[in-house]
Amino acid sequence: MAGTSVGGFSFGVLADVQYADKEDKESEAGVARPHRRRRYRAALAKLQDTLQSFAAYKRESAGASLDMLIHMGDIVDGNGDQSEAELLRVLDVIGRHCRGHGIGTISDTVGEQQQGESKPPHFLHVVGNHCLRVARPRLLSLLNFTSSLAYYRVPLPPHLPWDLLVLDALEVSLDGTEEGSEARAIAEAYLEEHSGDENAVPYNGMPSDTQYAWLEARLDEAAAEGRRAIIFSHLPVLPEATQPHLLMWNYRRMLQVLARAPSACMFVSGHDHAGGFALDAAGVAHLTMHGILECTPEEAAHAVVHAGGDGVLAVEGFGLVGTHRVEPRT
């Protein structure tokens with residue numbers, strides 16, 4: 001695939017490493033890939049292979065700055081009192097291949113490296129439900145978040161006509177919220193009210209009203225200033241791009257927000273290890289990344305996204321991930 005057009009940039013995406021020092025197990029059956037295994041111990045080596053693949057791509061591909069990688073959540077599986085130690089092992093691997101991880105390590109902007117420059121990429125995090133087997137405050141500290149909030153805007157150079165908006169889809173959930181907290185009370189009430197819904201299950205969640213207001217304001221700001229936005233969330237929101245039980249709790253609300261925002265062009269998620277891709281009724285692309293966890297030694301599951309200065313998005317998939325071209329919404 002050709003490099004990014006003038007005024008654009010490129011970044012890498014991967015999802016659901018879900019490392020743990022425990023035995024493999026069969027994954028749940030799904031329509032797309034029914035007989036897979038969760039390869040917990042092997043996930044650490046697969047992460048290293050993936051990071052090396054991104055480095056090789058950067059060296060060899062004309063026009064690909066690849067100054068940033070973003071992981072779509074569930075960086076560890078959760079393994080009782082071993083969860084934090086396992087997270088530190090994953091971060092050690094990342095540290096050997098990236099020049100920093102987490103939004104708190106970016107001192108200025110990302111996206112300005114030119115092809116051929118030797119600096120390794122930044123590695124950014126999205127919070128997933130399995131990540132929260134490490135207590136939320138400790139998790140956010142270890143992942144170098146800058147506050148108690150796990151949603152943020154990635155700082156890009158002002159000349160790039162793009163916004164990257166990272167959501168915390170588990171802000172209101174049973175995972176990572178304290179007993180007696182407002183977020184936990186809202187989550188419990190939601191599950192009780194929607195008990196018949198296929199996706200009303202404990203391993204899903206949703207953003208708070210405050211986070212929704214933040215997202216809408218950022219999308220409106222991007223539209224007013226002539227930028228297009230890519231939104232990142234661990235949980236998918238389009239039924240055609242995932243299995244129904246893995247959808248964000250109030251996914252219809254998110255789809256309405258995206259439809260009303262002319263700046264929204266693509267919604268990237270993880271959570272569903274079988275992956276998926278589809279356009280919604282408003283023309284927003286939904287990319288669900290395959291899970292690294294379920295790759296065999298011969299497989300890959302990552303992508304490079306080229307965000308062009310002309311408003312075109314090109315998803316260059318590797319291994320299980322498909323390749324897609326996303327035109328500007330009309």
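In this predicted model, strands β12 (residues 264-269) and β14 (residues 285-288) run parallel to each other and are paired over four bridges. Within that pairing, Ser269 sits opposite Thr288 of β14. Helix α6 (residues 251-260) packs on the sheet here, touching β11, β12 and β14, and its direction makes about 150° with that of β12. Strands in a sheet are held to one another by backbone hydrogen bonds, in either a parallel or an antiparallel fashion. The sheet in question is an open one of six strands with mixed pairing, and its order reads β7-β8-β11-β12-β14-β13. At its edges are β7 (152-153) and β13 (276-279), each of which pairs on one side only.

A second helix on these strands is α5 (residues 209-224), which lies across β7, β8 (162-166), β11 (228-232) and β12. Relative to β8, α5 runs at about 175°. One residue of α5 worth a look is Gln211. With a relative accessible area of 1%, Gln211 is buried. Setting aside residues up to four places away in sequence, Gln211 touches Tyr151, Leu167, Asp168 and Glu171.

Turning to the interior, the largest nonpolar core takes in 105 residues, and Phe11, Ile70, Ile230, Phe232 and Met266 are the ones with the most contacts inside it. Helix α1 (residues 42-60) supplies the largest share of this core, six residues. Phe11 itself, neighbours within four places aside, is in contact with Leu66, Met68, Ile70, Leu164, Ile230, Phe232, Ala303, Val304 and Val305. Two of the other core residues named above, Ile230 and Phe232, are thus among the contacts of Phe11.

As for α1, its length checks out: 19 residues at 1.5 Å a residue should span 27 Å, and the end C-alpha atoms are indeed 27 Å apart. Buried residues in α1 are Ala43, Leu44, Lys46, Leu47, Thr50, Leu51, Phe54, Ala56, Tyr57 and Lys58. An α-helix has 3.6 residues a turn, so residues three or four places apart point the same way. The cover over the buried residues of α1 includes strands β1 (9-14), β4 (68-71), β6 (122-125), β15 (301-307) and β16 (313-319), along with helix α2.

Helix α2 (residues 83-97) also holds Glu84. Is Glu84 buried, exposed or partly exposed? Its relative accessibility is 28%, and because partly exposed covers the range between under 20% for buried and over 50% for exposed, Glu84 counts as partly exposed. Once neighbours within four places in sequence are left out, Glu84 is in contact with Val134, Arg138 and Leu142. With Arg138 there is also a side-chain polar contact, at 2.9 Å. Ala183, by contrast, is 99 residues from Glu84 along the chain, and the C-alpha atoms of the two are separated by 23 Å.

Two loop residues stand out for their backbone. Asp74, in the loop between β4 and α2, has a phi near 65°, a positive value in a residue other than glycine. Asp74 is buried, at a relative accessible area of 1%. In the loop between β12 and β13, His271 likewise has a positive phi, about 75°, although it is not a glycine. Its relative accessibility is 7%, so His271 counts as buried.

Note on methods. Residues numbered from 1 in each chain as written. Predicted model: local features only at pLDDT ≥ 70, side-chain atom pairs only at ≥ 80, totals over all residues. Heavy atoms only, no water. Core = buried A, V, L, I, M, F, W, Y, C linked by side-chain atoms within 4.5 Å. Buried < 20%, exposed > 50% of the residue type's maximum accessible area, 1.4 Å probe, protein only. Contact = heavy atoms within 4.5 Å. Polar contact = N/O pair within 3.5 Å; in protein donor to acceptor, adjacent residues only side chain to side chain. Pairing = 2+ DSSP bridges. Axes fitted to C-alpha atoms, helices over the stretch in contact; angles between N-to-C directions. Expected span 1.5 Å × (residues − 1).
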